[in-house]
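Open the model in your viewer and keep the sequence panel next to it. We'll go from stop to stop, with something to select at each one.

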Amino acid sequence: MLVLAFDTATPAVTAALHDGERVLAESTTIDARRHGELLMPTIEGVLAEAGAVLRDVTVIVAGMGPGPYTGLRVGLMTAQALATALGVPAHGVCTLDAVAYGSGLSTEFLVATDARRKEVFWARYADFRTRLEGPHVDKPADVPVQGLPVAGAGPTIYPETLGEAVAPPYPYARFMAALAAERLAAGQELEPPRPIYLRRPDAVVPGAPKRVTETR
């Protein structure tokens, strides 16, 4: 097994290579505006660091979000294109699940990431492997923190409502790759790489043009 995992659902453009037992290479750049520009060089970099090439990859894994529409689709479209070109399966992992896995927490907690518009994407977990609720999108004040630890970037942005942040802030690809490899080794079925959109994109189809009446 050689898992290539990457995510573009947050400001972290992140990719990693995992051989089923350990992470061979990982690279992450924090840049919310250059997902499309950075992803393929990041993938090429981790392959080179691990001494591998694309045709060695046996599984593609991409973060499904939730996340902003434009950034999220960069990773998912890349996953589908690479999987088709290589003839290997492509799977999706919820971005919040990757953050949860990276936290290593064994008691109940939340994950909250930036959803922009003064909102957060969040989910509740029994432990770092088990999601109980979500994902949802809400204003920080409406997230039922109830004294629970909160992983992800949300608490860093909204500490007054979400409390002190628990690492990791982003869904680093090493966590996504390790989680996917663990599930595949256990014979669990992973989801297809489809986006998790919790609200409609900002862009809308324009309506019919207004009729102009000529006056004399």
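Select strands β6 and β9 to begin: the two pair in the parallel sense over two bridges. Strands here are DSSP runs of E at least two residues long, helices are runs of H or I of at least four, and both are numbered from the N terminus. Two strands count as paired if DSSP finds at least two bridges between them. For one contact to look at, pick Val 111, whose bridge partner in β9 is Ala 151.

A word on what you're looking at: this is a predicted model, in which local features need pLDDT of at least 70 and side-chain atom pairs count only at pLDDT 80 or more, while totals for chains, interfaces and linings use all residues. Residues are numbered from 1 along each chain as its sequence is written, and side-chain values use heavy atoms, with hydrogens and water left out.

**The sheet around β6**

Now stay on Ala 151 and look to its other partner, Val 166 in β10. Strand β9 (residues 150-151) runs parallel to β10, with two bridges between them. Widen the selection to the whole open sheet: it has five strands in the order β8-β7-β6-β9-β10, and the pairing is mixed. At its edges sit β8 (130-138) and β10 (165-166), each pairing on one side only.

Next, go back to β6 and add β7. This pair is antiparallel and has seven bridges; Thr 113 stands opposite Phe 121 in β7, for example. Between the two strands of this hairpin are two residues, and Arg 117 takes a positive phi near 55° there. Strands of a sheet pair through backbone hydrogen bonds, either parallel or antiparallel.

Is β6 enclosed or open? Six of its eight residues are buried, so β6 is largely enclosed by the rest of the structure. Buried means under 20% relative accessible area, exposed means over 50%, and partly exposed lies in between (1.4 Å probe, protein chains only).

**Aromatic rings**

Show the side chain of Phe 109, which is found in β6. Phe 109 has 0% relative accessibility, so it counts as buried. Leu 148 is worth adding: it is 39 residues from Phe 109 in sequence but 5.2 Å away in space, C-alpha to C-alpha.

How many aromatic pairs are there? The count comes to four, where rings of Phe, Tyr and Trp (its six-membered ring) pair if their centres lie within 6.5 Å; planes under 30 degrees apart are stacked, over 60 edge-to-face and the rest tilted. One of them joins Phe 109 to Tyr 125, stacked at 5.4 Å centre to centre with 15° between the planes. Phe 109 lies in β6 and Tyr 125 in β7 (residues 119-127), so this pair ties together parts that are 16 residues apart in sequence.

Now jump to Tyr 170 and Tyr 172, an edge-to-face pair at 6.2 Å centre to centre and 85° between the planes. Tyr 170 is buried, with a relative accessible area of 18%, and Tyr 172 is buried too, at 16%. Add Phe 175 as well: ring pairs link Tyr 170, Tyr 172 and Phe 175 into a cluster.

**The other sheet on the tour**

Select β3, β2, β1, β4 and β5. These five strands form an open sheet in the order β3-β2-β1-β4-β5, with mixed pairing. Here the edge strands are β3 (23-30) and β5 (90-93), each pairing on one side only.

Keep β4 (residues 59-63) highlighted. It pairs with β5 in the parallel sense over four bridges; Gly 63 has Val 93 as its bridge partner in β5, and Ala 62 has Gly 92. On the β1 side, four bridges join strand β1 (residues 3-7) to β4, again running parallel, and Ala 5 stands opposite Val 61.

Which way do the residues of β4 point? Val 59, Val 61 and Gly 63 go one way, Ile 60 and Ala 62 go the other way, and all are buried. In a regular strand the side chains alternate between the two faces of the sheet.
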